[in-house]
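Biologist: I am new to this structure and would like a close look at a single part. Could you walk me through one hairpin and the strands around it?

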Amino acid sequence: MTFNDIFKSGFLENVTGVSLLDMAVALVFAFGLGVFIFFVYKKTFMGIMYSSGFGVTLIALTMITTVVILAVTSNVVLSLGMVGALSIVRFRTAIKEPLDIAFLFWAIAAGIVLAAGLIPLAVVGSIAIGLVLLIFVNKKSYINPYIVVVNCENHASEEAAMEFLKKKAAKLTVKSKMARKGEVELNLEIRLKDENTDFINTLSDMEGVGSAVLVSYNGEYMG
């Protein structure tokens, strides 16, 4: 055993496992795709509270995945050890929006494909995914429903209120009806022909109508 064999280091041999040019190109493309994913996320966000931190996480996740896969592809032994290390990692952050899961997998997949050297696939695939999300997520195939709560004095005022609402609505559905002595309460789902809500003022001023309340429904809806 020579003096050089004693101080021989496998760590130093891995320094040149990935060239600086490969690292630079991969990270630049990863950053660009991460920014594009963040842009699509920002344009298609439909939740209640927008989190800019999650958008930045998408950029970082794309770059981190690229770095990890570059290391894995450069050393088979390292890849086995890294799989074991990553298998014990557990994430406890709750995903509030189902669509956020798609963005997380998109960022990870883009990083993996880039690090594998399939740059055209990563770029073209990301553009295609982004266009699909921009088209379908922002497309509304329905009219936002409202809930109208009307308090009437008798059956005659109830019928008058219903006739008035039918003229103002594209679709009207009775959800519930409660009757007491001298009072009838209606809960109606209404689809407006336009965004003008002044009709609720006219409805509340009608004879026999005690009160009228219009409530917007902000959740997901089909039908």
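**The hairpin and its neighbours**

Modeller: Happily! Let us begin at the turn: the hairpin of β2 and β3 has 2 residues between the strands, and there glycine 182 takes a positive phi near 80°. Residues are numbered from 1 along each chain as its sequence is written, and side-chain values use heavy atoms, with hydrogens and water left out. The model is predicted, so local features need pLDDT of at least 70 and side-chain atom pairs count only at pLDDT 80 or more, while totals for chains, interfaces and linings use all residues.

Strands here are DSSP runs (E, at least two residues), and helices are too (H or I, at least four), numbered from the N terminus. Strand β2 covers residues 169-180 and pairs with β3 in the antiparallel sense over 10 bridges; two strands pair if DSSP finds at least two bridges between them. Within this pairing, lysine 177 stands opposite leucine 186 in β3.

Strand β3 also has β1 (residues 145-152) as a partner: the two run antiparallel and are joined by 8 bridges. Here cysteine 152 has valine 184 of β3 as its bridge partner.

How much of β3 is covered? Of the 10 residues in β3 (residues 183-192), 8 are buried, where buried means under 20% relative accessible area with a 1.4 Å probe, counting protein chains only. Across the protein, 28% of the 223 residues count as buried.

Stepping back, the protein has 9 helices and 4 strands, in the order α-α-α-α-α-α-α-β-α-β-β-α-β along the sequence.

Methods:
Buried < 20%, exposed > 50% of the residue type's maximum accessible area, 1.4 Å probe, protein only.
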